[in-house]
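Here are my notes on the model you sent over. Keep the 3D view open while you read, and click on each residue as it comes up.

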Amino acid sequence: MKNYEVMYIVNASVEEEKRVALIENLHNIITTAGGSIVKVDEWGLRDFAYEIEGMTKGYYVVTTFTADNAGVKEFDRLMRINPNVVRYMIVNLDQE
């Protein structure tokens, strides 16, 4: 298992209950694949530095987790096709 950090932005127009469920479902992808969530830091609603697809705000979440390669690939695939995730970046914390 390797250590990773993902920062993702949820569309600001998503209602609070749906946003909480979305974040939980995204984290369940990692745990279902055998990984574990180490830390979740919700930064909240913030302005973008520039407009993205007509949006000027988004809900930022930073999650630290452990997973194997297959789990990270599946998480990456599902993040890419999720319409409520505006942007995301996965960083391997073990690389120097």
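1. Let's start with a spot to find on screen: in which strand is Phe65 found? Phe65 is found in strand β3. Before going further, remember that this is a predicted model, and every value below is computed from it.

2. Now zoom out for the overall plan. The protein has two helices and four strands. Reading from the N terminus, the elements come in the order β-α-β-β-α-β. Try tracing that order with your finger before you look at any side chains.

3. What about the overall dimensions? The C-alpha trace spans about 35 × 30 × 20 Å along its principal axes. For 96 residues, a compact globule would have a radius of gyration near 12 Å, and the protein has 13 Å, which agrees. The accessible surface comes to about 6,000 Å², and carbon and sulfur atoms hold 48% of that. Buried residues make up 39% of the 96 residues.

4. Which residues account for the contacts here? Take the contacts with a separation of 6 or more: 70% of them are between residues 24 or more positions apart. The next points give you some concrete cases to look at.

5. Back to Phe65. Its relative accessible area is 0%, so Phe65 counts as buried, the limit being under 20%. Not counting residues up to four places away in sequence, Phe65 touches a long list of residues, including Lys2, Asn3, Val6, Ile30, Ile37, Val72 and Ile90. Have a look at Asn3 in particular: Phe65 and Asn3 are 62 residues apart in sequence, yet 5.9 Å apart in space, C-alpha to C-alpha.

6. Next, the rings. How many aromatic pairs does a search of the whole structure find? The search finds four. One of them is the pair of Tyr4 and Phe65, which is stacked, with 5.6 Å centre to centre and 20° between the planes. This pair links distant parts of the chain, with Tyr4 in strand β1 (residues 2-11) and Phe65 in strand β3 (residues 55-67), 61 residues apart. Tyr4 is buried too, with a relative accessible area of 6%. Add Phe75, and you have one aromatic cluster of Tyr4, Phe65 and Phe75.

7. For another pair, go to Phe48 and Tyr60. Why is this pair called edge-to-face? The ring centres of Phe48 and Tyr60 are 6.3 Å apart and the planes are at 70°, so the pair is edge-to-face, a label that takes an angle over 60 degrees. Here, too, distant parts of the chain are linked: Phe48 is in strand β2 and Tyr60 in strand β3, 12 residues apart. Both Phe48 and Tyr60 are buried.

8. There is also a ring with a charge over it. The charged end of Arg19 sits over the ring of Tyr59, 3.9 Å from the ring centre. Turn the view until you look along the face of that ring.

9. Move one place on from Phe65 to Thr66, which also has its place in strand β3. With a relative accessible area of 15%, Thr66 is buried. The side chains of Thr66 and Ser36 are joined by a polar contact of 2.7 Å. Leaving out residues up to four places away in sequence, Thr66 touches Met1, Lys2, Asn3, Ile30, Gly35, Ser36 and Val38.

10. Helix α1 (residues 16-32) is where you will find His27. Is His27 buried or exposed? Its relative accessibility is 10%, so His27 counts as buried. Beyond its neighbours within four places in sequence, His27 is in contact with Tyr8, Ile37, Val40 and Thr63.

11. Last stop: Asp41, in strand β2 (residues 36-52). Asp41 has 32% relative accessibility, so it counts as partly exposed. The side chains of Asp41 and Trp43 share a polar contact of 3.0 Å. Setting aside neighbours within four places in sequence, Asp41 is in contact with Tyr60, Val61 and Val62. Thr31 is 10 residues from Asp41 along the chain, and their C-alpha atoms are separated by 17 Å.

Methods. Residues are numbered from 1 along each chain as its sequence is written. This is a predicted model: local features need pLDDT of at least 70, side-chain atom pairs count only at pLDDT 80 or more; totals for chains, interfaces and linings use all residues. Side-chain values use heavy atoms; hydrogens and water are left out. Buried means under 20% relative accessible area, exposed over 50%, partly exposed in between (1.4 Å probe, protein chains only). Contact means heavy atoms within 4.5 Å. A polar contact is a pair of N or O atoms within 3.5 Å; within protein, one must be able to donate a hydrogen and the other to accept it, and residues adjacent in sequence count only if both atoms are side-chain atoms. Rings of Phe, Tyr and Trp (its six-membered ring) pair if their centres lie within 6.5 Å; planes under 30 degrees apart count as stacked, over 60 as edge-to-face and the rest as tilted. A charge sits over a ring if NZ of Lys or CZ of Arg is within 6 Å of the ring centre and within 35 degrees of the ring normal. The radius of gyration is taken over C-alpha atoms; the globule rule is 2.2 Å times the number of residues to the power 0.38. Accessible areas come from the Shrake-Rupley method with a 1.4 Å probe; for residues, only the protein chains shown count as cover.
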